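Me: I'm new to this one and would like a friendly walk through it. Can we take it a piece at a time?

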Amino acid sequence: MALKSPGRPGRSHFLRKPLLPMSRQLASEPHHLRELPHARELLPALAADCRAGRLALFLDFDGTLAPIAAHPRLARLDAGLRRVLAELAARVPVAVVSGRAASDVRRLVGIDEIFVAGSHGFEIAGPGGLVHDEGAPFAAELDAAQAELERAVRGLPGVWVERKPYAIAVHFRDAPEAVAARIEEPVREVARSRPALLLRGGKKVFELRPAKDWDKGRAVLWLLDRVAPREARAVFLGDDVTDEDAFLRLRECGIGIVVGEEERPTFAGYRLRDTREVRAFLTALLEGCRERRPEAASGP
Ligand SMILES: [Mg+2]
């Protein structure tokens, strides 16, 4: 897919065409996850958008494309889903937006045509030499915080510190309850002493990252401006609290689909239950996109 010139000024997303029956998307209040309609309702409209090349897909990785693994190193993308993603990426822009390093996402996904926004959007890369780096000014501060965090959790069973290019994660999914309860205060202490960094919580993880008004949602809008046609509908699938930034930013120019079953507030407009439903949804979208429809016929 040909790139538009990177670096041109952003355009207003308010000018994009109105959405489907989507009063939900415009509400300023979050919704209850379990009350959202199932995303299968969107398939006919999204397949038509895909056939017309008016779609851009943004996908979280862990918990969305691949099941959450016991260790980030163990996550794998299903081979069948990789083929589906590759075929979709040949038709419309597809980006994987993740808290992982961009290089890690690239390795796990293994599709050259896909755009990658790693480190919660701080590193963006894609075909055609597309590169954008929002995190470089924070590297030294992250180095110092990494050393402090490693000291703070040293010796605690099931707790480990993972350095990403523009974030530091303290994982505790393998820690006993009593240990998990003891790590929050020292992590908060490190965060308090470094105002250039921001503490966020996720699923069994604390994460320090640059305190900059930049997140998965900003990365999605940045990509949308550069790699998708003006009239494209953006669809974001994600399962984690950090994906809410994208759901929020997309309320006026796209569709958020939250993956999960737990009852919590969300800015998404639709839901899927788990990674298996994500795979089925994307597979059905591709099948709908391949269908020849009368509207696609050309000439008499
Ligand atoms: Mg996730």
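Reply: Sure, and one term first: two residues are in contact if their C-beta atoms, placed from the backbone, lie within 7 Å. Also keep in mind that this is a predicted model.

Me: Okay, among contacts between residues at least 6 apart in sequence, what share joins residues at least 24 apart?

Reply: Start with the chain itself, which has 300 residues, 42% of them counted as buried. Its secondary structure comes to 9 helices and 14 strands. Now take the contacts between residues at least 6 apart in sequence: the share joining residues at least 24 apart is 61%.

Me: Let's zoom in on strand β8. Are its two faces covered or open?

Reply: β8 spans residues 167-171, and 5 of its 5 residues are buried. On one side sit Ala167, Ala169 and His171, and on the other Ile168 and Val170. Every one of those is buried, so by the 20-neighbour cut-off for C-beta atoms within 10 Å, both faces of β8 are covered.

Me: Which residue of β8 is the bridge partner of Glu162?

Reply: Strand β7 (residues 160-164) runs antiparallel to β8, and 5 bridges join the two. They form a hairpin with 2 residues between them. Within that pairing, the partner of Glu162 is Ala169.

Me: And which residue of β10 is the bridge partner of His171?

Reply: β8 also pairs with strand β10 (residues 205-210), again antiparallel, through 4 bridges. His171 is one of the buried residues of β8. Its bridge partner in β10 is Val205.

Me: On to the helices. How do α5 and α6 run relative to each other, roughly parallel or roughly antiparallel?

Reply: Helix α5 covers residues 139-153 and helix α6 covers residues 177-192; their axes are 10 Å apart, at an angle of about 160°. Angles over 145 degrees count as roughly antiparallel. That's why α5 is, relative to α6, roughly antiparallel.

Me: What is the handedness of the crossing where α5 passes α6?

Reply: On the α5 side, the contact is made by Ala145, Glu148, Leu149, Ala152 and Val153. α6 brings Ile183, Pro186, Val187 and Val190. The crossing is right-handed.

Me: Last one: what span is expected for helix α7 at 1.5 Å a residue?

Reply: The buried residues of α7 include Ala219, Val220, Leu223 and Leu224, and what covers its buried residues includes β2, β3 and α8. The helix takes in residues 216-227, which is 12 residues. From first C-alpha to last it reaches 16 Å, close to the expected 16 Å.

Terms used
Residues numbered from 1 in each chain as written. Predicted model: local features only at pLDDT ≥ 70, side-chain atom pairs only at ≥ 80, totals over all residues. Buried ≥ 20, exposed ≤ 12 C-beta atoms within 10 Å, placed from the backbone. Pairing = 2+ DSSP bridges. Expected span 1.5 Å × (residues − 1). Axes fitted to C-alpha atoms, helices over the stretch in contact; angles between N-to-C directions. Parallel < 35°, antiparallel > 145°, perpendicular 65-115°, else oblique. Left-handed = near helix turned anticlockwise from the far one by under 90°.
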